[in-house]
Structure formats: C-alpha cells, structure tokens
Amino acid sequence: MWCDPAFTPVADAFRETGGGRGGAALAVYAGGRMVVDLWQGTADADGVRPWERDTVVNVFSASKGVLATLAHLYVQRGLLDLDAPVARYWPGFTTATTVADLLAHRSGLPAVRRDLPPGSLFDWDAMTAALAAESPWWTPGERHGYHAVTFGWLVGEVLRRVGGRPVRDLVRDELGIAGLWIGLPASEAARAAHLAPPEAGTDVPSSTLMSAMADPGSITMKAFCNPAEQLTAGLANTARWRAAEIPASNGHATARALATLYGRLVSGAILHQEALDRTVAPRSEGHDEVLLAQTRFALGYMLPCEIRPYAPNPRAFGHSGSGGALAFADPDAGVALAYTPSRLIVSAAGPDPRWRPMVAALYSCL
C-alpha cells in the first residue's frame with residue numbers, strides 16, 4: 001500500500017469508511033503518478049480472506065466510462081464518427097440516431113418493450129438484435145434518459161463492428177490497463193471480491209421514481225428489469241455473471257486500474273486536449289426520462305448532477321456504479337480518483353455517503 005504524505009488526509013478519510021462487512025480499495029492519480037493506492041477489509045463472503053493488492057470488484061455502471069473511453073479513442077483515430085448514423089456501422093439498426101446520441105443517452109433506446117425470454121441477459125446477439133429492431137421511446141436527440149443496461153450493447157456493438165472483435169478483447173488490448181476487464185476471465189476469478197447484500201442508503205427515493213418502478217410498462221421499470229434476470233438475488237456473485245459480456249454493468253476492476261484510466265485521460269496519454277475537451281463537454285442536461293430526476297451526461301460519462309454530485313467541479317467527468325463504485329477525473333485539477341467497495345449501499349437520490357469525506361479530503365490536499 002502507498003500514500004504520498006501530501007495526501008494523508010485522503011488515506012485517513014478512506015480508513016474511516018471501513019466499518020461493516022466487506023472491504024474496499026481507493027486509488028488517486030495526480031501529477032502524472034499514483035499518489036494513493038490503498039485497500040482494507042476482507043474480500044470473501046465469510047469475512048476471512050483479506051483484501052489484497054490485486055482484488056477486483058464488479059463496478060457495475062462505472063463500466064460505462066471504460067466503454068466511452070474506447071469509443072473516443074476510435075474517434076481520435078478516425079475510425080468512428082460521432083455525428084454518423086449508427087446504421088453506418090451497424091447495418092440493420094432501425095433507429096435514426098447518431099453515435100453521439102448513443103453515448104449521451106439520447107437515442108431513445110433505454111429499454112426493450114417486449115418481455116425478453118430467459119437467458120437474454122447473457123446472449124449478446126439476442127440483445128443487440130432486440131435493440132436494433134426496437135422503436136425509440138422518444139424522438140432521438142430531443143430528450144435524454146439513462147440507458148442503464150442497454151448502453152453497453154448499443155455502444156458495444158458499434159465498437160465490436162468497428163474494432164472487429166468482442167468488446168472484452170478491445171478493452172483488454174486497446175486500453176491495455178492491468179486489472180480492468182469487461183467480463184472477468186476464468187483465470188482471474190479467484191481475485192473477485194464477494195459483494196455483500198445491498199444496504200439502504202440514507203436518501204429516500206422520490207415517490208415519482210417509486211411509482212415508475214412499480215409500473216410494469218414504464219420506461220424506468222423496463223430499463224432496470226428487462227431482462228428479468230437482472231433482479232436475481234446474488235447474481236453479481238455468480239460465475240456466469242462475472243464471465244459474461246455485459247459492458248454497461250459487469251466490468252471488473254481494481255481501484256488502481258480505474259484511477260490509471262482516468263489519470264491517463266487527464267494527462268493526455270489517451271486523448272489529445274482537443275479530443276478530451278469535446279469528450280467531456282455536457283451533451284445532456286435536465287430531466288431524465290428514466291431516472292426522473294435532473295442528470296447531466298457528456299459523451300459516455302456521467303457529470304456531477306443532482307443525484308450523483310460526486311465532485312465539486314462541474315467539469316469533472318466519470319461514472320458511478322450501483323452500490324458505491326466511483327471513478328472520475330477533474331481535468332482542471334489534473335487528478336483522478338477511483339473507489340471500489342464490495343459492501344454495497346443503494347443510494348437512489350444522492351451520493352454514496354462514503355464518497356464525500358474522501359473527495360473532500362482530496363480537494364483539500366490540492
């Protein structure tokens with residue numbers, strides 16, 4: 001473990017979050033190097049196996065930032081045009097929308113209307129075929145709504161067709177960051193932390209959101225619960241889930257890997273400055289048709305917003321993950337932070353309570 005003395009307050013804040021079951025890791029990248037690389041707690045269901053340097057966690061939607069980075073790398077290489085219709089790369093895709101709309105949650109395809117059969121969650125071809133034929137829930141480009149799970153198949157299929165290989169291989173080979181996977185290889189399964197059952201956060205979901213989740217025909221319900229396998233208790237701890245290719249939600253990573261990814265973004269090692277500025281500029285702001293709250297998105301990254309105010313600088317960019325994972329960068333301060341917990345806290349309307357002290361400590365050190 002390592003902490004630069006200048007960032008001791010960050011380490012102290014992290015250690016104070018260690019109560020309860022499970023464990024976590026925290027990494028901070030600043031000034032072109034890793035300045036915090038810490039972990040604590042246990043990684044197995046029985047609370048016996050210590051968290052280790054190479055322990056990985058399912059980071060859920062923090063995976064979306066990984067996919068977005070790969071997309072922008074292809075844009076920079078001239079292989080992908082943000083303003084091009086998706087059908088240019090994906091023949092048979094019926095919705096008239098652009099690659100940029102997919103990345104910014106504006107394509108109108110956050111869910112499939114018809115109930116999908118068992119096994120669909122793990123069937124790439126079935127999911128991409130269903131989305132290619134789906135009618136948008138709103139006119140693409142006119143509104144936005146969080147594509148909670150479909151984001152991975154929509155953006156992922158475009159990348160697969162451009163890159164010529166499965167997304168898991170593209171992430172591994174194009175980004176080349178140790179400890180980062182979409183779909184955990186069987187050879188690495190022993191490194192995975194067991195996710196503790198979710199605990200309720202201190203925030204209260206809005207009555208509007210609760211009503212939408214109870215309505216079987218709503219966009220919100222369909223986005224999170226179709227395919228229905230997503231509701232299976234303990235799913236994320238199964239070998240089938242860990243090994244699958246579900247790019248919006250089953251990425252596995254160490255905190256070090258995610259901090260490296262975002263640290264390289266703000267240092268110019270992945271994208272040049274002009275590309276980064278375009279990438280992180282707000283593209284969707286305001287009422288979210290799925291989350292039914294005020295959200296902000298850049299091209300594939302969630303920006304600090306009403307329900308996820310993860311950083312004080314509105315120009316910060318990154319992504320949170322269900323249960324508390326967080327990875328973001330601040331392009332003005334030149335820092336990146338990643339937090340990967342195994343003790344899940346469900347926070348529907350605000351930040352994970354563990355983030356605030358760590359993020360505040362980081363900015364105090366700057």
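Trainee: Which strands make up the open sheet of six strands, and in what order do they lie?

Mentor: The order is E1-E3-E2-E12-E11-E10, and the pairing is antiparallel. Keep in mind that this is a predicted model. As a general idea, strands of a sheet pair through backbone hydrogen bonds, either parallel or antiparallel.

Trainee: Which strands stand at the edges of that sheet?

Mentor: Strand E1 (2–3) and strand E10 (317–320) do. Each has a single partner strand, so one side of each is left without a neighbour in the sheet.

Trainee: How many bridges pair strand E2 with strand E12?

Mentor: Seven bridges, in the antiparallel sense, pair E2 (residues 23–30) with E12 (residues 335–341). For one point along E2, look at Val28, which stands opposite Leu337 in E12.

Trainee: Which helix packs on this sheet?

Mentor: Helix H11, residues 255–267, packs there. H11 touches E2, strand E3 (33–41), E10, strand E11 (326–330) and E12. The direction of H11 makes about 20 degrees with that of E2.

Trainee: What is the order of the open sheet of three strands?

Mentor: The order is E4-E7-E5, with antiparallel pairing. Strand E4 (57–58) and strand E5 (180–182) are the edge strands, each pairing on one side only. E5 is joined to strand E7 (residues 251–253) by three bridges. Leu180 has Ala253 in E7 as its bridge partner.

Trainee: Now helices. At what angle do the axes of helix H2 and helix H6 cross?

Mentor: Two packed helices are described by the angle between their axes and the distance between the axes. Here, H2 (residues 63–76) and H6 (residues 150–163) cross at roughly 35 degrees, and their axes come within 10 Å. The crossing of H2 past H6 is left-handed.

Trainee: Which residues make the contact?

Mentor: From H2 they are Lys64, Leu67, Leu70, Ala71 and Tyr74. From H6 they are Phe151, Gly152, Val155, Gly156, Leu159, Val162 and Gly163. Sorted by type, the residues of this contact of H2 with H6 are eight nonpolar, three polar and one charged.

Trainee: What does Leu159 touch, not counting residues up to four places away in sequence?

Mentor: Leu159 touches Leu67, Leu70, Ala71, Tyr74, Leu80, Gly164 and Leu170. In the largest nonpolar core, which has 101 residues, Leu159 is one of those with the most contacts, along with Leu80, Tyr262 and Phe317. There is also a second, separate core of 26 residues, which includes Val10, Phe14, Val28 and Ala316.

Trainee: Next, single residues. Where does Phe224 lie, and why does it count as partly exposed?

Mentor: Phe224 lies in helix H9 (residues 219–225). Its relative accessibility is 28%, and partly exposed is the class between under 20%, which is buried, and over 50%, which is exposed. Leaving aside neighbours within four places in sequence, Phe224 is in contact with Tyr146, Ala148, Met213, Gln230, Leu231, Val290 and Leu291.

Trainee: How should I read backbone angles, such as the phi of His105?

Mentor: Most residues other than glycine have a negative phi, and most peptide bonds are trans. His105 has a positive phi of about 60 degrees although it is not a glycine. His105 is in the loop between helix H4 (99–103) and helix H5 (124–133). With 0% relative accessibility, His105 counts as buried.

Another positive phi, near 55 degrees, belongs to Leu292. Leu292 is in the loop between E8 and strand E9 (294–297). At a relative accessible area of 22%, Leu292 is partly exposed.

Trainee: Is the peptide bond from Asn226 to Pro227 cis or trans?

Mentor: That bond is cis, with omega near 10 degrees. Pro227 is found in the loop between H9 and helix H10 (239–243).

Trainee: Last, how far apart are His287 and Arg143, in sequence and in space?

Mentor: His287 and Arg143 are 144 residues apart in sequence and 8.3 Å apart in space, C-alpha to C-alpha. For another pair, Phe224 and Gly163, the values are 61 residues in sequence and 28 Å in space. His287 lies in strand E8 (residues 284–287) and is partly exposed, with a relative accessible area of 41%. Apart from neighbours within four places in sequence, the contacts of His287 are His144, Leu292, Ala293 and Gln294.

Key. Residues numbered from 1 in each chain as written. Predicted model: local features only at pLDDT ≥ 70, side-chain atom pairs only at ≥ 80, totals over all residues. Heavy atoms only, no water. Axes fitted to C-alpha atoms, helices over the stretch in contact; angles between N-to-C directions. Helix = DSSP H or I, 4+ residues; strand = E, 2+ residues; numbered from the N terminus. Left-handed = near helix turned anticlockwise from the far one by under 90°. Contact = heavy atoms within 4.5 Å. Nonpolar A, V, L, I, M, F, W, Y, C, P; charged D, E, K, R; others polar. Pairing = 2+ DSSP bridges. Buried < 20%, exposed > 50% of the residue type's maximum accessible area, 1.4 Å probe, protein only. Core = buried A, V, L, I, M, F, W, Y, C linked by side-chain atoms within 4.5 Å.
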